[in-house]
Amino acid sequence: MSPLAILLREIRVGLGLSQVNFANALNLKGPYISGVETGKRYAPLLGNIESSLEKLGMTRVQVKRLYTAEKMSPRLVKIPPTAPQEAFIYAATLQTHLEWLEQDDFIKLTAYLQGLASQHGQLKESKANA
């Protein structure tokens, strides 16, 4: 389940609302929240439900947390068309194996990619200074 879906469930439970009542409060169809919470549907775009969130009495901090979670819950991985072929192969491979990857695998992949990005940034700086 995405970080946004998890946070929406946490908020719903904290408000003491059923899935149907929470969906109604967000101007969504009843089964939609159930689908989000079971990982069968994407969480709604926050821009579409922000006014409803405010009506529920959510603070700016809570709404900000939701937007942070939304950024961590991409619907699609967008790869620039000019990216090397290997980037597309990597994304396709990752998508194929998402079902069996475990939390630790994602932590390792994230750390590895951050390390590569850091190295790439350092290479750019070295070339610019040369």
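So, Arg-65 and Glu-10: their side chains meet in a salt bridge, 3.5 Å from N to O. Arg-65 lies in helix H5 and Glu-10 in helix H1, so this pair ties together parts that are 55 residues apart in sequence. Keep in mind that we're looking at a predicted model. As for solvent, Arg-65 counts as partly exposed at 42% relative accessibility, and Glu-10 is partly exposed too, with a relative accessible area of 45%.

Now, what do the two helices around that pair do? The axes of H1, residues 3-15, and H5, residues 60-71, come within 7 Å and cross at roughly 150 degrees. That makes H1 roughly antiparallel to H5, because an angle over 145 degrees counts as such. On the H1 side, the contact is made by Pro-3, Leu-4, Leu-7, Leu-8, Glu-10 and Ile-11. H5 brings Arg-65, Leu-66, Ala-69 and Glu-70. If you sort these residues by type, you get 7 nonpolar, no polar and 3 charged. Our salt-bridge partners, Glu-10 and Arg-65, are both part of that contact.

Glu-70 is worth a quick stop. Its place is in helix H5, and, leaving aside neighbours within four places in sequence, Glu-70 is in contact with Leu-4, Pro-44, Leu-45 and Leu-46. Compare that with Thr-96: Glu-70 and Thr-96 are 26 residues apart in sequence, and their C-alpha atoms are 23 Å apart in space.

Okay, back to charges. How many salt bridges does a search of the whole structure find? There are 3. You've heard about Arg-65 with Glu-10, and the others involve Glu-37. Side chains of opposite charge can pair when their charged atoms come close. Glu-37 forms a salt bridge with Arg-9, with the closest N and O atoms 3.8 Å apart. Glu-37 sits in helix H3 and Arg-9 in helix H1, so that pair links parts 28 residues apart in sequence. Then there's Arg-12, whose side chain meets Glu-37 in a salt bridge at 2.7 Å, N to O. Arg-12 is in H1 and Glu-37 in H3, so here the parts tied together are 25 residues apart in sequence. Put these together, and salt bridges that share partners join Arg-9, Arg-12 and Glu-37 into one network.

Are Arg-12 and Glu-37 buried or exposed? Both are buried. For Glu-37, the relative accessibility is 11%, and the cut-off for buried is under 20%, which means Glu-37 qualifies. Arg-9, on the other hand, is partly exposed, with a relative accessible area of 39%.

Staying with H3 for a moment: in that helix Tyr-32, Ile-33, Gly-35, Val-36 and Glu-37 are buried. What do the buried residues of H3 pack against? They pack against H1 and H2. And just after H3, Gly-39 takes a positive phi of about 80 degrees.

Next, the greasy part. In soluble globular proteins, nonpolar side chains tend to be buried together. The largest nonpolar core here has 20 residues, and the members that touch the most other members are Leu-4, Leu-26, Leu-28, Ile-33, Leu-53 and Leu-66. Which elements give two or more residues to this core? Those are H1, helix H2 (19-25), helix H3 (30-37), helix H4 (46-55) and H5. H1 gives the most, with 5 residues.

Let me pick out Leu-26 from that list. Not counting residues up to four places away in sequence, Leu-26 touches Ile-33, Ile-49, Ser-52, Leu-53 and Leu-56. One of those, Ser-52, has its place in helix H4. At 2% relative accessibility, Ser-52 counts as buried. Leaving aside neighbours within four places in sequence, Ser-52 is in contact with Ala-25, Leu-26 and Asn-27.

That brings me to Asn-27, my last residue. Asn-27 lies in the loop between H2 and H3. Most residues other than glycine have a negative phi. Asn-27, though, has a positive phi of about 60 degrees, although it is not a glycine. Asn-27 is also exposed, with a relative accessible area of 63%, whereas its contact Ser-52 is buried.

How values were computed. Residues numbered from 1 in each chain as written. Predicted model: local features only at pLDDT ≥ 70, side-chain atom pairs only at ≥ 80, totals over all residues. Heavy atoms only, no water. Axes fitted to C-alpha atoms, helices over the stretch in contact; angles between N-to-C directions. Helix = DSSP H or I, 4+ residues; strand = E, 2+ residues; numbered from the N terminus. Parallel < 35°, antiparallel > 145°, perpendicular 65-115°, else oblique. Contact = heavy atoms within 4.5 Å. Nonpolar A, V, L, I, M, F, W, Y, C, P; charged D, E, K, R; others polar. Core = buried A, V, L, I, M, F, W, Y, C linked by side-chain atoms within 4.5 Å. Buried < 20%, exposed > 50% of the residue type's maximum accessible area, 1.4 Å probe, protein only. Salt bridge = Lys/Arg side-chain N within 4 Å of Asp/Glu carboxyl O.
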